[in-house]
Amino acid sequence: MTGPGDIVLAIEASNPSVGSGVAVGRRGEAGAVEVLGVEVVRSESREEDDLMPAVDRVCRGAGVGAREIRLVAVSVGPGGYTAVRVATAAGKMIAEGVGARCVAVPTAMVAALGAGAEWNPDRGVAVMLASKGPGGTGGEASAWVAVLKGTMEGWIDASVNGRIVNAAGAGALGGEAGLVIADRFLSEPLRAAIAGVGLRVVEPRLDAEVCLRVACAGVLPEIDPVALVPLYPREPDAVTLWRAKKGKG
């Protein structure tokens with residue numbers, strides 16, 4: 001278990017379409033954290049992976065040696081299939097290499113707290129990720145959603161109990177939340193259902209510094225690196241297509 005004075009590295013690279021970054025900080029008392037540095041993960045090219053170079057840059061800029069890292073926090077999804085695999089693999093590798101523990105931070109927590117002034121702890125917010133349009137391998141339009149209410153201590157848990165909803169389920173969110181956070185990939189049937197019950201949709205802000213603060217709040221368990229795995233709400237398309245192709249053989 002880490003404590004005050006320990007160095008924490010946070011990785012938020014679950015949904016590159018809305019930004020990726022890394023942050024490093026020193027844990028304080030009672031969930032506080034001193035942010036030592038934040039670095040953007042550049043994504044100019046699909047052929048160049050900037051995640052590990054960004055970790056190197058943020059640590060060098062903060063004057064933190066690799067062996068000083070005692071905790072690695074990773075935003076584990078839902079998100080892009082490859083993005084969350086790369087992020088968790090990098091987090092595992094770093095933690096194993098330096099002898100650190102890990103924290104799996106559900107991306108919905110980062111999105112909710114990253115909403116800033118939009119966040120209403122009394123009314124709650126619905127975070128919708130991993131949207132699928134109608135047709136293809138996904139069938140009808142759907143998305144993963146988690147509804148978060150209360151203060152950080154009141155609503156954060158290790159699982160953030162999310163569920164897959166269709167358009168009808170999206171329309172029912174009017175009785176659960178006052179705001180919906182969803183990216184530009186939210187399918188039109190779900191977007192129309194949300195608008196139909198008077199809810200507003202705002203773009204997520206996935207910030208590595210927010211991921212760092214959630215990890216240092218002490219409300220999520222510290223785990224062995226081997227237990228750090230992506231949060232996939234449904235079978236990835238790549239696997240579904242592989243099964244379908246295999247079945248035809």
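**Notebook: the second largest pocket and α1**

I looked up the lining of the second largest pocket in this predicted model: Leu-9, Met-52, Val-55, Asp-56, Cys-59, Arg-60, Val-64, Gly-65, Ala-66, Ile-69, Ile-94 and Val-98. A pocket here is an open set of points on a 1 Å grid over the protein atoms alone, where a 1.4 Å probe fits, with protein on both sides within 12 Å along at least five of seven lines; lining residues have an atom within 4 Å of a point.

I noted that α1 (51-62) and α2 (81-98) each give two or more residues to this lining. The largest share, 5 residues, comes from α1. Helices are DSSP runs (H or I, at least four residues) and strands are runs of E, at least two, numbered from the N terminus.

I then checked burial in α1 (buried is under 20% relative accessible area, exposed over 50%, with a 1.4 Å probe and protein chains only). Leu-51, Ala-54, Val-55, Val-58 and Cys-59 are buried. Seen down the axis of α1, the buried residues fall within an arc of 130 degrees, so they line one face of the helix; the arc is that of the directions from the helix axis to the C-beta atoms. On the other side of α1, I found Arg-60 and Gly-61 exposed.

I looked up the cover of the buried residues, which includes β1 (7-12), β2 (21-27), β3 (33-40), β4 (69-75) and α2. Contact means heavy atoms within 4.5 Å.

Just after α1, Gly-63 has a positive phi of about 70 degrees.

On method, I note that residues are numbered from 1 along each chain as its sequence is written. Local features need pLDDT of at least 70, side-chain atom pairs count only at pLDDT 80 or more, totals for chains, interfaces and linings use all residues, and side-chain values use heavy atoms, with hydrogens and water left out.
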